Structure formats: C-alpha cells, structure tokens
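Q: I am new to this structure and would like a guided look at one part of it. Please keep it brisk, and set that part in its surroundings.

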Amino acid sequence: MASGNNKKKPRTAFKFLFRMKRKLMVLFGIVVACLIVLVGRLAYIEVKSGGQYEKIVMSNQEYSSTTIPFRRGDIVDRKGTVLATSTDVYNVILDCSVLTSRASYEEPTLEALQACFNEGELLVSFADIEAYITEHPTSQYYKIGNRLDASEIKSFEEMQDEDSNIKGIWFEKEYKREYPYGSLASSIIGYSGTGNVGYGGIEGSYNDTLNGTDGRQYGYENSDSNYEVTRKEPIDGETVVSTIDVNLQSICEEKIREFYDELSNGATTGGGAEHIAALMMDPNTGEVLAMADYPSYDYTLSATQNLECFYTAEEIAAMDEKEKSKAVEELQQNYCITYTFEPGSTAKPFTVACGLETGTLRGDEVYYCDGSEEIADYVIHCVNTSGHGEETIADALANSCNDALMQMSYSIGPENFAKYQQLFNFGLRTNIDLPGESRTDSLIYTEDELTTLNLATNAFGQNFNVTMIQLASAYCSLVNGGDYYLPHVAEKLQDEDGNTVKTIEPTLLKETVSTETADTIRGYLKGVVDYGTATTAKVDGYSMGGKTGTAQKYEEDENGNVTSTRAEGKYLVSFIGNVPADDPEVVIYVVVDEPNVEDQAHSSYAQSVAREILSEALPYMSIYPDEDETGANEDLDIVGNADQTGEGE
C-alpha cells in the first residue's frame with residue numbers, strides 16, 4: 001500500500017507544476033499583449049494628437065517667441081553708389097514681468113530710463129510707464145520707444161552692462177529705409193512704405209527681390225528649468241544694381257532744374273514749363289543711364305510740402321481735396337514712361353527708314369516743297385510756309401520739311417507704314433522694368449484707318465502718340481544698326497555678401513532695320529545737327545546726330561480731357577540725339593512741355609538743355625571729341641536761339 005502511494009506523488013507534482021507554468025505563460029502573454037496595446041495606443045496618440053498635447057505642455061511652461069526682421073536689399077547705381085538702403089533702428093520694449101520679478105529691479109531701471117531718454121524720444125511719459133507697471137505687472141511686451149537710432153540707445157545699453165539690477169528693458173530691432181541722395185532719381189527709385197512695401201520705381205517693380213524672409217527665435221523653460229532657445233535666422237533681401245549712373249542723373253536733374261528756373265524768372269504765373277524731362281540710354285544695350293523729370297516728387301517730404309514746392313499758397317488754398325490729390329498724383333508720375341504726346345518731327349527718321357527698308361524710297365528722290373499740301377480739302381502747311389523748294393531726303397530731314405515727308409507717305413503706303421509703326425513698337429509698351437508705363441495702342445492708327453490724310457500727318461509725327469521711352473528705344477535701334485533692345489534699369493542682383501545672384505543681360509527683341517538702312521539714317525541725322533534744325537544741340541568737338549520736334553498740343557476741357565481742337569500757342573518741343581554720330585555710345589532725349597514763354601514753338605529750348613547735359617556728361621563718360629572745335633555755340637545761352645524751328649514742325 002505504502003509503495004503504491006509513493007509512486008503516485010511524482011505524477012501529481014508534475015501536473016501541478018505544469019499547471020502553474022501554463023498559468024504563468026498565460027499571464028505573461030496577457031502582460032505582453034497589454035504592453036503592445038499600450039505602445040500602440042501611445043503611438044496612435046503621438047501621431048494623431050501629439051502636436052496638440054505638445055502645445056498644452058508648452059502652454060504650461062514659460063515660453064517666448066521673437067520675430068527677427070529681414071533687412072530689405074539696397075538699390076545702388078551701376079558703380080555701387082548707394083541710392084536706397086536700410087539702417088538699423090530700435091523699438092524700446094518694457095517687460096513688466098521681469099521688472100517686477102524682484103524688488104531691486106524697478107527703481108534703478110526707471111532711473112536709467114529717465115537718465116538716458118527725454119520724454120520726447122519715447123512714446124509715453126515716465127508717469128504713464130509707472131502707471132502701466134502697476135496696472136500690468138505680468139505684461140511682457142509694452143512699446144515705449146519707436147524706431148530710435150543706435151546712438152540714441154547706446155547710453156542705456158552701457159548702463160545695463162554696468163548695473164545688473166537694470167532689467168526688463170530690451171530693444172526690438174527694425175530697419176528704416178533711407179535715401180542718401182534725398183530726392184535724386186526719386187521717380188526711378190520709388191519709395192518703400194510701412195511693412196516693406198515698395199511703391200513706384202525700382203522699389204515697386206523689384207519689391208519681392210528686395211524683400212527677404214523674417215527669422216524667429218523661440219525660447220522656453222524645460223522640465224529641468226533650463227531655458228532652451230531655437231533660432232531661425234532671417235534671409236535678407238537682395239541688392240538691385242541699377243543701370244543708372246548717379247553722376248549722369250545728377251547732371252540731368254541739375255540742368256533741367258536750371259532751365260526750369262530760368263524760364264520761371266519774369267514769368268507772371270507758373271513755373272518754367274508744364275514738364276521738362278531728360279532721358280539718357282546706351283543704344284547698344286538698352287540700359288537707361290539717367291531718367292530725370294521736373295517738377296518731380298520728393299519722397300523725403302510730405303505731400304503738402306511737395307505741393308508747396310510748385311504751387312503758391314493761394315493756389316493750394318483754392319484747391320479742394322480732389323484737386324490736391326490729383327496734383328500730388330501728377331508729381332509722383334514718372335514723365336518719361338507715363339505721359340504720352342505727339343512726337344512731332346522726331347518721328348520723321350522712322351518714316352524715312354520705313355521707306356528705305358521697304359524699297360518704296362530709293363534714297364535719291366528729290367521733292368519740291370511749296371509750303372503746303374492739299375489733301376481731302378485740308379491744307380497742311382510745312383514748317384516753312386513759303387516753301388523749301390527742292391529737297392533731297394537728307395535735306396528734308398535737316399530742314400524738317402513736312403511737305404516732303406507727306407509726299408514720301410504717298411509712296412510708302414498704309415500697309416508698310418502700319419507694319420513699321422508696330423515694328424518700332426509705337427503703340428505698345430516697351431515693358432521696361434518700371435511700373436506705370438503707358439501704352440498708346442488706342443492712339444495709333446491701324447492700316448485700315450490710315451487714310452491719305454492720316455498717313456500724311458502721321459508721316460511727320462502728328463496725330464499719334466508715344467512715350468519718351470518708346471521713342472528713345474526705337475531711336476536706339478535706328479542708330480545702333482537695327483537692334484531693338486528691351487530698355488531696362490536693373491543690371492544685376494546681389495546677395496547680402498555682394499555676390500552676384502543674377503546678371504540681367506541685354507535682351508535683343510527684334511531687328512527693326514538693316515545695317516545699310518541704319519548707316520544711311522545716321523548720315524541723315526548727322527546733317528540735321530551739322531547744318532539743319534538741330535545746330536543748337538551741337539557740342540563743340542563732337543560729331544552728333546539728332547532730330548528736333550515741335551508738336552502743337554490739343555485743348556483740354558474743364559475736366560482735363562483732351563478735345564479735338566488744337567490749343568493756340570501751346571507746344572511740346574523736343575530733341576533726340578546720339579553721340580558720336582557714326583558709332584553712338586549714348587542717346588539723349590529731352591522734352592520741354594509748354595515752355596513758359598510767349599512763343600513756345602521752338603525746339604531750341606530742348607536742344608539747349610541737351611547741349612548743356614552733354615557738355616558735362618561726355619567727358620565724364622570718357623567719350624572723347626572726334627571733330628575739330630569750331631566754337632559755333634560759344635555765345636548760345638541755355639535758352640538757345642528761337643529761330644531754329646518754326647510752328648508745326
């Protein structure tokens with residue numbers, strides 16, 4: 001019996017151990033399964049709601065976020081002279097939470113503020129600051145000073161370094177746009193307003209390029225009470241290197257202002273002219289070297305101050321708000337690209353080029369000018385109402401003979417004329433990289449609209465409109481061999497270290513005329529300056545080509561709208577030229593809109609301004625005399641002779 005019982009015990013113990021092991025395995029499996037579920041749940045929460053919980057945790061910690069502003073890029077001239085830049089300025093910020101964190105901070109900090117700043121330099125009084133601290137002891141951001149220079153905050157920073165109890169004041173960095181040359185080239189540069197938004201000129205057209213991206217600094221106190229900082233640096237804007245030469249721009253602005261002032265002297269009302277403008281270009285690249293107009297807007301002054309520069313107190317008082325706004329808007333416009341006008345006889349070289357290029361003119365024609373042409377019951381007079389007599393094409397341009405040009409138009413015909421109007425880009429925008437350019441397509445006749453009368457008047461520059469940049473760009477193609485370049489004011493873009501990011505190469509858009517035609521036209525234009533209507537523009541010692549223009553303006557109604565009636569005695573006179581005559585390095589275009597004189601119809605006013613500009617500009621540009629000096633212009637004053645051209649040129 002005993003031995004039988006002993007044999008059963010091992011089997012029973014084995015079963016017990018097996019059951020226990022199985023239970024442990026099940027328990028272990030359950031624990032592992034729970035862990036897997038828990039890990040899965042945590043992973044799900046992290047993916048699905050991790051950001052939300054992170055924000056909750058961060059909100060319970062001391063956290064700060066500061067914007068680090070980018071620096072707007074500079075605008076410089078072609079030689080690196082700074083025309084627009086951004087300088088450091090600082091806002092004074094009061095952090096009450098820091099200032100009130102210890103009793104020993106408030107008194108020395110307020111004393112330092114009073115010692116370093118006058119109340120006039122701050123946005124609020126010292127009494128208001130103390131009251132704010134009392135009412136908002138936990139506030140972290142209260143602006144008490146706005147856009148102060150580094151020199152204005154230096155003394156306070158020095159006191160902060162010396163006294164560890166001066167706390168709760170910090171300086172928020174910003175940038176202030178400055179124009180070192182004041183109003184110089186203001187219509188080209190434009191200006192940058194609040195929020196780094198560019199208006200007008202390069203500031204407007206290259207706004208995105210000049211602007212960068214703000215950086216940011218994040219800081220928070222972690223669970224170990226350590227303050228951790230993450231900083232993302234700002235990306236500064238790029239610098240725009242313009243094609244403008246600040247010295248040429250200065251010369252142009254100085255000469256047109258002198259002319260304006262000279263014609264203003266002795267005038268009973270108004271200034272020297274409605275507008276005076278000068279444009280200089282490199283004909284071989286399309287680069288604008290200078291672009292000046294007067295009256296112009298000075299962005300360093302207020303709108304009221306600008307009006308006071310060109311209007312009397314009585315005139316301003318008589319304006320309502322709408323009239324004042326219109327006057328300011330007109331001052332802000334860039335005359336060289338915005339205003340449209342009839343080109344007058346400066347259009348004649350294009351008519352001749354069209355005829356030569358299409359073969360409708362051979363070049364050896366002789367026309368007879370009797371002083372007028374009768375077309376469709378209209379008598380259209382030449383500049384010389386008595387007639388020039390026999391005229392070659394060269395003579396017709398030199399003497400600015402309307403009669404001969406009208407006769408040429410009969411041979412050229414509407415189809416050819418309309419085609420070359422478009423080829424020279426008349427009626428279309430040039431797409432210069434400046435905002436506000438006008439288009440004149442509605443002021444150009446189509447082929448179907450070119451009746452014999454319209455064609456005849458268009459041939460000598462009447463009854464269609466251009467802008468200065470349109471005519472100058474087309475003229476460049478006439479004298480450079482036929483290449484029409486996109487006019488532009490930006491040469492390249494640079495990063496903050498001065499490295500070139502992008503070079504803006506000259507863009508050849510099309511060929512307007514052949515090299516042979518261009519050579520012939522340059523010869524004709526040289527004759528205009530040597531012995532024709534443009535002798536006043538001649539700079540001694542230099543070969544020059546050019547063409548004069550005199551356009552009678554239309555009347556305007558009481559709302560400023562142009563009527564179909566010619567204005568008695570009101571003219572826009574102009575001169576466009578190139579130096580040297582055979583291989584031009586510079587083209588200049590000067591427009592005088594309604595010179596304030598009794599007899600306006602003389603292009604010599606524009607020629608005089610051009611001559612004065614070129615006399616200083618050519619030596620500066622290292623363009624050397626290529627002719628014997630004759631002294632022919634020694635006795636001509638800036639106003640010039642009034643007998644160079646006559647009415648209706």
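The close look is at N465 and the helix that follows its loop, α18, and then at other places in the chain.

A: Start with the whole. This is a predicted model. The protein chain holds 20 helices and 23 strands. Of its 649 residues, 48% count as buried. Take the contacts in the chain with a separation of 6 or more: residues 24 or more positions apart account for 72% of them.

Now find N465. It sits in the loop between α17 (452-459) and α18 (468-479). N465 is buried, because its relative accessible area is 16% and the cut-off for buried is under 20%. What does N465 touch? Leaving out residues up to four places away in sequence, its contacts are T340, F341, E342, T440, L443, I444 and Q470. One of these, T340, also has a polar contact with N465: their side chains are joined at 3.2 Å. Another, Q470, is listed among the buried residues of α18. N465 therefore touches a residue of the helix that follows its own loop.

Next comes α18 itself. Its 12 residues should span 16 Å at 1.5 Å a residue. Its end C-alpha atoms are 17 Å apart, which agrees. How many of its residues are buried? The count is 12 of 12, so the rest of the structure largely encloses α18. The list runs M468, I469, Q470, L471, A472, S473, A474, Y475, C476, S477, L478 and V479. Just past the helix, G481 has a positive phi of about 110°.

For another helix, turn to α20, residues 604-620. It has 17 residues. From first C-alpha to last it reaches 24 Å, close to the 24 Å expected at 1.5 Å a residue. It carries a kink of about 30°, centred on L614. Here 12 of the 17 residues are buried, so α20 too is largely enclosed by the rest of the structure. L614 is one of the buried residues. Others include S604, Y605, A606, R611, I613 and L618. Just after α20, S622 takes a positive phi of about 60°.

Now a pair of helices. Helix α14 (residues 348-358) packs with helix α19 (residues 515-531). The angle is about 145°, and the axes are 10 Å apart. From α14, the contact uses P349, V352, A353, L356 and E357. From α19, it uses T517, T520, I521, Y524 and L525. The crossing is right-handed.

Earlier in the chain lies α3, residues 103-116. Its buried residues are Y105, P108, T109, L110, A112, L113 and C116. They pack against α2 (96-99), α4 (126-135), β4 (142-148), α5 and β5 (169-178). Helix α5 spans residues 150-162 and includes K154. K154 is exposed, because its relative accessible area is 52% and exposed means over 50%. The C-alpha atoms of K154 and C116 are 8.8 Å apart, with their positions 38 residues apart along the chain.

Last, some backbone details. Most residues other than glycine have a negative phi, and most peptide bonds are trans. Two loops hold cis peptide bonds. One joins Y294 and P295, with omega about 0°. P295 lies in the loop between β12 (288-294) and α10 (303-310). The other runs from V579 to P580, with omega near -15°. P580 belongs to the loop between β22 (562-579) and β23 (586-595).

Two further loops hold a positive phi. A376 has one of about 50°, although it is not a glycine. Its loop runs between β14 (372-375) and β15 (378-381). S400 has a positive phi of about 55°, and it is not a glycine either. Its loop lies between α15 (393-398) and α16 (402-423). Which of the two words fits each, buried or exposed? A376 is exposed, with a relative accessible area of 55%. S400 is buried, at 1%.

Return to N465 to close. This buried residue lies in the loop before α18, and all 12 residues of that helix are buried as well.

Methods: Residues are numbered from 1 along each chain as its sequence is written. This is a predicted model: local features need pLDDT of at least 70, side-chain atom pairs count only at pLDDT 80 or more; totals for chains, interfaces and linings use all residues. Side-chain values use heavy atoms; hydrogens and water are left out. Helices (H or I, at least four residues) and strands (E, at least two) are DSSP runs, numbered from the N terminus. Buried means under 20% relative accessible area, exposed over 50%, partly exposed in between (1.4 Å probe, protein chains only). A polar contact is a pair of N or O atoms within 3.5 Å; within protein, one must be able to donate a hydrogen and the other to accept it, and residues adjacent in sequence count only if both atoms are side-chain atoms. Contact means heavy atoms within 4.5 Å. The expected span of a helix is 1.5 Å times one less than its number of residues. The bend at a residue is the angle between axes fitted to the seven residues ending there and the seven starting there. Axes are lines fitted to C-alpha atoms, for helices over the stretch in contact, and angles run from 0 to 180 degrees between N-to-C directions. A crossing is left-handed if the near helix is turned anticlockwise from the far one by less than a right angle, and right-handed if clockwise.
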